[in-house]
Protein chains: 2
Amino acid sequence: MRTIDPLHVQLLRTLRDEGAVSRAELGDRLQMPRPRLLAELERLVNLGYVAEAGLAASRGGRRSTLVELSPHLRFAAVDLGASSIDVEVVNGRLEPVAAYTEPADIRSGPKVTLQRVNELLHKARVDGAYERLDAIGIGVPGPVSFRDGVPVSPPIMPGWDRFPVRELLTREHGCPAVVDNDVNIMAIGERHGGVAHSVDDFLFIKIGTGIGCGIYLNGEVYRGTDGCAGDIGHIQVDPNGPMCSCGNLGCLEAVFSGAALARAATAAARAEVSPALVERLAARGAVTALDVAQGAVEGDVTCIQLIRDGGRRVGSVLAGLVSFTNPSMIVIGGGLAQLGHILLAEIRSVVYRRSLPLATGNLPVVLSELGPRAGVAGAAVLASDLAFGEAA
Amino acid sequence: MRTIDPLHVQLLRTLRDEGAVSRAELGDRLQMPRPRLLAELERLVNLGYVAEAGLAASRGGRRSTLVELSPHLRFAAVDLGASSIDVEVVNGRLEPVAAYTEPADIRSGPKVTLQRVNELLHKARVDGAYERLDAIGIGVPGPVSFRDGVPVSPPIMPGWDRFPVRELLTREHGCPAVVDNDVNIMAIGERHGGVAHSVDDFLFIKIGTGIGCGIYLNGEVYRGTDGCAGDIGHIQVDPNGPMCSCGNLGCLEAVFSGAALARAATAAARAEVSPALVERLAARGAVTALDVAQGAVEGDVTCIQLIRDGGRRVGSVLAGLVSFTNPSMIVIGGGLAQLGHILLAEIRSVVYRRSLPLATGNLPVVLSELGPRAGVAGAAVLASDLAFGEAA
């Protein structure tokens, strides 16, 4: 195996995250002797990773020249959800140059789904977003063997078990690819460019169709022995609760998630206890979690109560995880984060009451900043890190 | 800050864990060029860390010479429990050359407790166990700032908050010292010389007076932002359960721990539902967790049921932590591990039923191998690592 020099990766990451930097400043920042830095930059220019960017402002004496990532670098970022495909093509600084979002059913299997991903990427090329891709990052809604680049026993992804996702994308686009769990890429996105910027130990809780947790420890994503760390949706919160899709009773996900909330809202509308939900059921024949959010904004008591109940359930699980991991921050994201501050207030209340004071003394519990873009943002970070590692 | 060369630490660890090794084999093992290895060994011989140990068996050609850790190296390992002091002095290979165990009350405060630790260590010197100590490792029953070497807001240790434990020991014995949480040192001990040998991701569950968890991730102890990671004793397992010392209802520790089990056993004896416990209460005026263990061995149904109930509670918390961290192994230790296989069977049953199949497919749930020695064993590992880092 080739050894990757972390300093070289650091150099490319600095240019990614800060844009054009003078050679002098880069040398200071990386504490790299000037001859070595110049040799390394020359190598990266020849490889097509780095480009000249003019003269820096004077620091006295001879003016240093600026370098930046090549304007031709392109990464693809893909976020596969249970019912959606998000694709972005980004430049070296991870700014989107093309973006596509469309509904899709992950249960249609890997061939159909990845075929559509490939079509979207080829469309982006035809539209002029890139000539060639330097790396692809993709997130899928289930456990992943990060090393092998394949999903592993994903419960809601029939046909995907050990499907060679990485290999297929690499072959199709002629560049390296990296596969991760969808909640992990959201956590990575939020740490790179969101509310958890530079926070080394935090939990990213995704509340959407299902519930999952991305775990950052010591500045790295923790994925567990089999790639299924963070699967908190099946922690039992009520031994007498409803049956979950996994076959157990009262899992968090069975009690509170997009699907569970839609069920509870439908029942409330049918029982005519919520004017807001009754109206929406009559108008459209179905109610969703979003209807509950809107009802709550209008002050509908039942909607507010449904959100509070859910927040309490999530909070009770989080309280235990806070005692266990003693993180620096908790970020709430995913579709149900739209339930907003009522949800957040209830989660906070339970976590602060139930966890150790030492662990919650300075513990912010906050909403995701990147929202629905968190996943592709993180996939882009993974893709660039992969490419930088290959160049280093 | 001085940079520690990990290869040098690795060299000393190899001699610690494997004894006398030939120069040739060391070079192979560490993939260190021979001139550099010889220079490094000479430096470590001069520093008093390494000694010659004769000639190795022939590998053809000139016979390589053996080196080993200096026979004069001595580390002190201290495990402070809620109600006990364990002290060992060990040699470079971490073999005990002196050991003391005595009852003590951590609530008598840091001055009294550490005074006693110092007396025991001085006694060991007078007894000939060492001339000078090279490092001290100590574990305390509460959260610790590992960086600062002080306890932080420890709930059951009045007077210890931010007490300069490391500084006091360093000053008294003229050597570096390292302070950690008692469950962490047990986990470290079990990984170095016990059932979790070389396992990179595991949870060590201590069930004793209280309940805590040592967390190994990626081969390192994870301590959390404030040093209180693994504090699982206060995870709520029953919203209608008894009040805990922390003020919340139904914490795991309030429902099942040494103290909780003694209370439940006393109640069972008074209610005369358990012949084994009635007999012991009459004989000694009190019953303990150990009486429950012995009653269970004798087949007393109430004792067995008490252990099963406790195992179920611990198992329900562990099931969630398994889904969350996806570890490779769970080790059960601490005083109540004496409850043995009934406890283990119940914990296993709940964990295997409640966690994701992917996470439990290859998950051993096993008893600690080192038992009451786990703590001092881990403190000795920490002390030696500290000394090796200073030498490297």
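Two residues are in contact when heavy atoms of theirs lie within 4.5 Å. In chain A of this predicted model, 60% of the contacts with a separation of 6 or more join residues 24 or more positions apart.

## Chain A as a whole

Chain A contains 14 helices and 15 strands. A compact globule of 392 residues would have a radius of gyration near 21 Å, and the 23 Å of chain A agrees with this. Along the principal axes, the C-alpha atoms of chain A fill a box of roughly 75 × 50 × 40 Å. Of the 392 residues in chain A, 59% are buried. The accessible surface of chain A amounts to about 16300 Å², and carbon and sulfur atoms account for 52% of that surface. Chain A carries 37 positive and 43 negative charges, and the mean positions of the two groups are 2 Å apart.

## The interface between chains A and B

The size of an interface is often expressed as the accessible area lost when the parts come together. Between chain A and chain B, the buried area is about 3200 Å², with 58% contributed by carbon and sulfur atoms. Three residues, A:Phe324, A:Arg354 and A:Leu358, supply 27% of the area that chain A buries against chain B, more than any other three residues. In terms of contacts, 39 residues of chain A meet 39 residues of chain B.

One contact across the two chains involves A:Arg223 and B:Asn326. A:Arg223 is placed in the loop of chain A between β13 (220-221) and α7 (252-255). Its relative accessibility is 18%, and A:Arg223 therefore counts as buried, since the cut-off for burial is under 20%. Beyond its neighbours within four places in sequence, A:Arg223 also contacts residues of chain A, including A:Phe146, A:Asp180, A:Asn184 and A:Leu382.

On the other side of this contact, B:Asn326 is found in the loop between α11 (301-325) and β14 (329-333) of chain B. B:Asn326 is buried, with a relative accessible area of 0%.

## Positive phi in chain B

Most residues other than glycine have a negative phi. B:Asn326 has a positive phi of about 50 degrees, although it is not a glycine. B:Ser153 also has a positive phi, near 45 degrees, and is likewise a residue other than glycine. The place of B:Ser153 is the loop of chain B between β9 (150-151) and α5 (165-173). With 38% relative accessibility, B:Ser153 counts as partly exposed.

## Buried residues and pairs distant in sequence

The following table lists pairs of residues by their separation along the chain and the distance between their C-alpha atoms.

| Pair | Separation in sequence | C-alpha distance |
|---|---|---|
| A:Ile330 and A:Phe204 | 126 residues | 6.0 Å |
| A:Ala387 and A:Arg166 | 221 residues | 14 Å |
| B:Gly375 and B:Ile188 | 187 residues | 8.0 Å |

A:Ile330 belongs to strand β14 (residues 329-333) of chain A. A:Ile330 is buried, and its relative accessible area is 0%. Apart from residues up to four places away in sequence, A:Ile330 touches A:Leu203, A:Ile205, A:Leu318, A:Val322, A:Leu363, A:Pro364, A:Val365 and A:Val366.

A:Ala387 is located in helix α14 (residues 374-391) of chain A. The relative accessible area of A:Ala387 is 0%, and the residue is buried. When residues up to four places away in sequence are set aside, A:Ala387 touches A:Tyr49, A:Phe75, A:Asp134 and A:Ala135.

In chain B, B:Gly375 lies in helix α14 (residues 374-391). B:Gly375 is buried, with a relative accessible area of 0%. Not counting residues up to four places away in sequence, B:Gly375 touches B:Asp79, B:Ile185 and B:Met186.

Another helical residue of chain B is B:Glu346, which lies in α12 (residues 340-354). B:Glu346 has 17% relative accessibility and so counts as buried. Outside its neighbours within four places in sequence, B:Glu346 is in contact with B:Arg308, B:Gly311 and B:Arg312.

How values were computed: Residues numbered from 1 in each chain as written. Chains lettered and ligands numbered in written order. Predicted model: local features only at pLDDT ≥ 70, side-chain atom pairs only at ≥ 80, totals over all residues. Heavy atoms only, no water. Helix = DSSP H or I, 4+ residues; strand = E, 2+ residues; numbered from the N terminus. Rg over C-alpha atoms; globule rule 2.2 N^0.38 Å. Buried < 20%, exposed > 50% of the residue type's maximum accessible area, 1.4 Å probe, protein only. Areas by Shrake-Rupley, 256 points an atom, 1.4 Å probe, with all protein chains shown as cover. Lys, Arg positive; Asp, Glu negative; His and termini not counted. Charge placed at Lys NZ, Arg CZ, Asp CG, Glu CD. Buried area = accessible area lost by both parts, 1.4 Å probe.
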